[in-house]
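User: Please take a close look at one helix in this model and say how its residues are placed. Then set that part against the rest of the chain.

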Amino acid sequence: MRKCVIIGSGLGGLSCGCILAKNGYEVTVLEKGDQIGGCLQCFQRGGAVFETGMHYIGSADPGQVLHAIMHYLGVDSDISLARLNPLGYDLVSFQGEHYALANGRENFVNVLAAHFPHSRDELNRYYDLVKRVASSSPMHSLNRNVDLNTFAEYQTKSVNEVIDGVVTDPLLRQVLAGVLPLYAGEKDRTPFASHALITDFYDQSAFRIVGGSSKVADSLARTIRQQGGSVLTGREVTKIACDESKATAVITADGERFPADYIISAIHPSCTLQLVDSRLIRPAYRRRVESIPNTTSAFTVYLKFRKNTVKYMDSNLYYYRGTSTWGCERRHNESWPECLLYMHFCHEENPVYAEVGEVITYMGFDEVRLWMGTRVGHRGKDYEEFKRMKAEAVISALEQEVPGISSQIERYYTSTPLTYLDYTGTPEGSMYGIVRDVNAPVTGTVSCKTGIPNLLLTGQNTLLHGMLGVLAGSMATCSELLSTEEIFRQVLNSSR
């Protein structure tokens, strides 16, 4: 039996392990921390559960792509989904008005056309373009017979360039870009292809996972174990051993050696290269990967509400306080925070009241660099005061959009870029890993293949972040061992 060792137990590592275990590989997943899941992790404070990364998902209705993949992986039977409002799963609050993004062509166009009646034709053209670009990605459509040229073209055109070319109303342009925090979009930099994939993903359907996304991680780990594999925590990988032609084993901090025929790293590519000392990795490749910039990080305030005081909100709120939905990731002055993403956690089926909520805003790593190298819970009084001041600023900003919310908060908790770094291992606590850049469409991307033939990469840095993006990346990685045709056949057959 072929042995595959996987470094990291985030969605990428666990889904690769699940696919390969189902195909006869002996899989061992090694996780540095005490809890599996990466960005799927949830945590408990004060008797409440909070989400950390995978706050909501899309395309999970029967017949849609994520539903098919989850069914193949066995996840769908282990989780319950709570549908977000089809007439406004996302709300963009900008300059005193709320604009709803709705599921499906008719709803999407009609709801926005109520605000922009003269832009109905442009909304239809925008919608058609999003669908055309998204469907041109084989892994996102589970179809190899697609127009790859279309996807390649829109990898080299920025989000704002394309939207501005389709839509003439300046306000509508801002609204269509209003979910930028979903992918840390940057003006003149982020490819429209990324925007299209994410927009299409949620346009089809949008859900929260009841009880949190850690249930996805638990399901995948259970499947791996049922297939005879192992998922081990507290195993920090310190070295990938190689001979003259290939990788041979993974070595952990306690000196244990895990021989492998194949190794898949689900951690950041630059962190992976730090584990390898081999002439098979060319210096130019190493320099290129290590020089790719990463997306910004975030500051999050986790709100525990007073019992039965806050009605459950089946939409996600993107609140902008400035004059543009663009550029908030770069502004850290007295106007901070300029953008908030406010969401509720679905703790049970059909909740009437929310137990907890989360508020996420951009924060660069430089703001916390002073405390680099310290441990969680041991960063000092200055750090705690820094977090308190930032949290109060975020809650004050949220109060402007949701009057009275402050009085309904029983307690709050926070996380900074250092927290993201500690729990995900992503350099500088990056939200979404490497930056996708229209100005560097080739040198700014990372393939799942490395210079070592049996060392592969997976996770949010290979194709795209998010649940579907990472799962698509996992299928691409596993196709190096099983073939794309075989994976597509298995996924599609399982859903029939």
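Analyst: The answer starts with the basis of the values, then takes the helix, and then turns to other parts of the chain.

This is a predicted model, in which local features need pLDDT of at least 70 and side-chain atom pairs count only at pLDDT 80 or more, while totals for chains, interfaces and linings use all residues. Residues are numbered from 1 along each chain as its sequence is written, and side-chain values use heavy atoms, with hydrogens and water left out.

The helix chosen is α14, residues 417–424. Helices here are DSSP runs of H or I with at least four residues, strands are runs of E with at least two, and both are numbered from the N terminus. Pro417, Leu418, Tyr420 and Leu421 of α14 are buried, where buried means under 20% relative accessible area, exposed means over 50%, and partly exposed lies in between (1.4 Å probe, protein chains only). Viewed along the axis of α14, these buried residues fall within an arc of 160°, so they line one face of the helix. The arc is that of the directions from the helix axis to the C-beta atoms. An α-helix has 3.6 residues a turn, so residues three or four places apart point the same way.

The cover over the buried residues of α14 includes the strands β15 (297–305), β18 (356–363) and β19 (409–415), together with helix α13 (381–401). Contact, here and below, means heavy atoms within 4.5 Å.

After α14 comes Gly425, with a positive phi near 75°. The loop between α14 and β20 also holds Glu428. Glu428 has a positive phi too, about 55°, although it is not a glycine. Its relative accessible area is 39%, so Glu428 is partly exposed.

The strand at the other end of that loop is β20, residues 455–457, and Leu457 lies in it. Leu457 is buried, at a relative accessible area of 3%. Apart from neighbours within four places in sequence, Leu457 is in contact with Ser265, Pro269, Thr272, Tyr285, Val446, Ser447, Cys448, Thr450, Thr462 and Thr477. Its C-alpha atom is separated by 29 Å from that of Ala206, which is 251 residues away along the chain.

One of the contacts of Leu457 is Thr272, a residue of helix α11 (residues 269–273). Thr272 counts as buried, with 1% relative accessibility. With neighbours within four places left aside, the contacts of Thr272 are Ile240, Ser265, Ile267 and Leu457.

One strand from the cover of α14, β18 (356–363), leads to another part of the chain. Ala48 touches Val356, as well as Phe43 and Lys304, not counting residues up to four places away in sequence. Ala48 lies in strand β4 (residues 48–51) and is buried, with a relative accessible area of 3%. Ala48 and Gln174 are 126 residues apart in sequence, and their C-alpha atoms are 36 Å apart in space.

Elsewhere, helices α4 (residues 120–134) and α7 (residues 159–166) pack at about 140°, with axes 9 Å apart. Axes are lines fitted to C-alpha atoms, for helices over the stretch in contact, and angles run from 0 to 180 degrees between N-to-C directions. α4 and α7 are therefore oblique to each other; angles under 35 degrees count as roughly parallel, over 145 as roughly antiparallel, 65 to 115 as roughly perpendicular and the rest as oblique. On the α4 side, Glu122, Arg125, Tyr126 and Leu129 meet Val162, Ile163 and Val166 of α7. These residues divide into five nonpolar, no polar and two charged (nonpolar: Ala, Val, Leu, Ile, Met, Phe, Trp, Tyr, Cys and Pro; charged: Asp, Glu, Lys and Arg; polar: the others, Gly among them).

Two loops have backbone features to note. In the loop between β16 (316–320) and β17 (339–344) is Pro337, joined to Trp336 by a cis peptide bond with omega about 0°. Leu142, in the loop between α5 (138–141) and α6 (148–154), has a positive phi near 55° and is buried at 8% relative accessibility.

As for the whole, the protein has 16 helices and 20 strands. Its radius of gyration is 22 Å, close to the 23 Å that the globule rule gives for 496 residues, so the protein is as compact as a globular protein of that length. That radius is taken over C-alpha atoms, and the rule is 2.2 Å times the number of residues to the power 0.38. Of the 496 residues, 58% are buried.
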